[in-house]
Structure formats: structure tokens, C-alpha cells
Amino acid sequence: YKTTSETAEIAEFARENTSENAIFLTPPKFGAFRYMAERAIIVDLVAFPFQDESMLGWYDRMVNCYGASTQLVFNALSELNRNYAEMSHDKVRELAKMYDADYAVLYDVTNVDFPVLYRTKSFKLVKIPRD
């Protein structure tokens with residue numbers, strides 16, 4: 001799939017300004033961020049494992065991060081993006097605790113109260129504070 005300049009832009013900032021061990025919560029189709037930023041992400045729609053047991057873990061992470069969808073895989077993208085964009089502050093915190101995430105790439109419209117480290121036209125990179 002096409003990598004937008006915003007993905008590259010935010011990935012470059014993350015690579016240059018975060019720890020190599022940082023873990024990121026990202027939108028559903030943000031898999032390119034993983035190799036562009038050289039950072040770990042929790043899950044993405046495209047990069048799924050091919051072993052049964054591992055696929056169940058991938059699916060659990062998908063549902064936890066993006067919600068369950070009534071559509072299959074790529075047809076679900078708009079629904080998953082909408083769920084992700086509407087995620088609450090508390091849900092981001094819950095996912096950060098569950099998956100040990102340090103940062104999140106959120107849609108700019110997502111209403112959370114975390115420090116914004118970087119912003120593009122559509123996205124913001126936030127630091128998720130530890131309790």
C-alpha cells in the first residue's frame with residue numbers, strides 16, 4: 001500500500017526523538033511506520049502472522065486496539081479507522097498499560113489529553129505518561 005508523506009514524516013521524528021526500545025500504538029494501516037521509524041508497534045492490519053496460535057494473538061490485539069468489525073480485513077479499514085479516531089483518553093491509557101506502549105500515533109481529531117510531541121496535518125504523536 002502507499003505510504004503517505006505524513007507517515008514518513010512522523011516516523012522520522014519518532015526515529016530521531018524516541019528510544020530504540022519504545023513501543024507505539026498506531027492506526028490500523030500504519031505498518032510502514034514500523035520499518036520507517038525502526039520502532040515496535042502493537043499491531044497493524046496488514047502484517048499478520050501465518051501460524052494459528054500467533055494469528056489469534058494478532059486478532060486479539062486488533063480487536064483491543066481497533067474494535068471488532070462487521071466487515072472482513074480490508075473492507076473493515078474505514079470502520080477500524082473510525083473506531084481508532086474516536087478512542088478515548090482512558091482507552092489509550094488502558095492499551096498502553098496492556099501492551100507497555102510509550103507513545104501513540106493518533107488522528108489529530110482524537111480527543112486525548114497527552115503531551116503532543118509532533119503533529120502533521122492528519123496525525124499527532126503523543127507521549128503516554130506512566131502512572
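The following exercises, with worked solutions, concern a predicted model of one protein chain.

**Exercise 1.** Determine how many helices and strands the chain has, and in which pattern they follow along the sequence.

*Solution.* First, count the elements: the secondary structure comprises five helices and five strands. Next, read along the sequence; the pattern is α-β-α-β-α-α-α-β-β-β.

**Exercise 2.** Assess how the radius of gyration of the chain compares with the globule rule.

*Solution.* The chain has 131 residues, for which the globule rule gives 14 Å. The radius of gyration is 14 Å, close to that value, so the chain is as compact as a globular protein of that length. For the dimensions, the C-alpha trace spans about 35 × 30 × 25 Å along its principal axes. As for burial, 44% of the 131 residues count as buried. The chain exposes about 7,300 Å², and carbon and sulfur atoms supply 50% of this area.

**Exercise 3.** Describe how helix 3 and helix 4 pack, and state which residues meet.

*Solution.* Two packed helices are described by the angle between their axes and the distance between the axes. Helix 3 covers residues 52-66 and helix 4 covers residues 77-85. Their angle is about 55 degrees, and their axes lie 8 Å apart. Angles from 65 to 115 degrees count as roughly perpendicular and those under 35 as roughly parallel; helix 3 and helix 4 are therefore oblique to each other. Turning to the residues, Met62, Cys65 and Tyr66 of helix 3 meet Leu80, Asn83 and Tyr84 of helix 4. Of the residues in this contact, five are nonpolar, one is polar and none is charged.

Terms used
Residues are numbered from 1 along each chain as its sequence is written. This is a predicted model: local features need pLDDT of at least 70, side-chain atom pairs count only at pLDDT 80 or more; totals for chains, interfaces and linings use all residues. Side-chain values use heavy atoms; hydrogens and water are left out. Axes are lines fitted to C-alpha atoms, for helices over the stretch in contact, and angles run from 0 to 180 degrees between N-to-C directions. Helices (H or I, at least four residues) and strands (E, at least two) are DSSP runs, numbered from the N terminus. Angles under 35 degrees count as roughly parallel, over 145 as roughly antiparallel, 65 to 115 as roughly perpendicular and the rest as oblique. Contact means heavy atoms within 4.5 Å. Ala, Val, Leu, Ile, Met, Phe, Trp, Tyr, Cys and Pro count as nonpolar, Asp, Glu, Lys and Arg as charged, and the others, Gly among them, as polar. The radius of gyration is taken over C-alpha atoms; the globule rule is 2.2 Å times the number of residues to the power 0.38. Buried means under 20% relative accessible area, exposed over 50%, partly exposed in between (1.4 Å probe, protein chains only). Accessible areas come from the Shrake-Rupley method with a 1.4 Å probe; for residues, only the protein chains shown count as cover.
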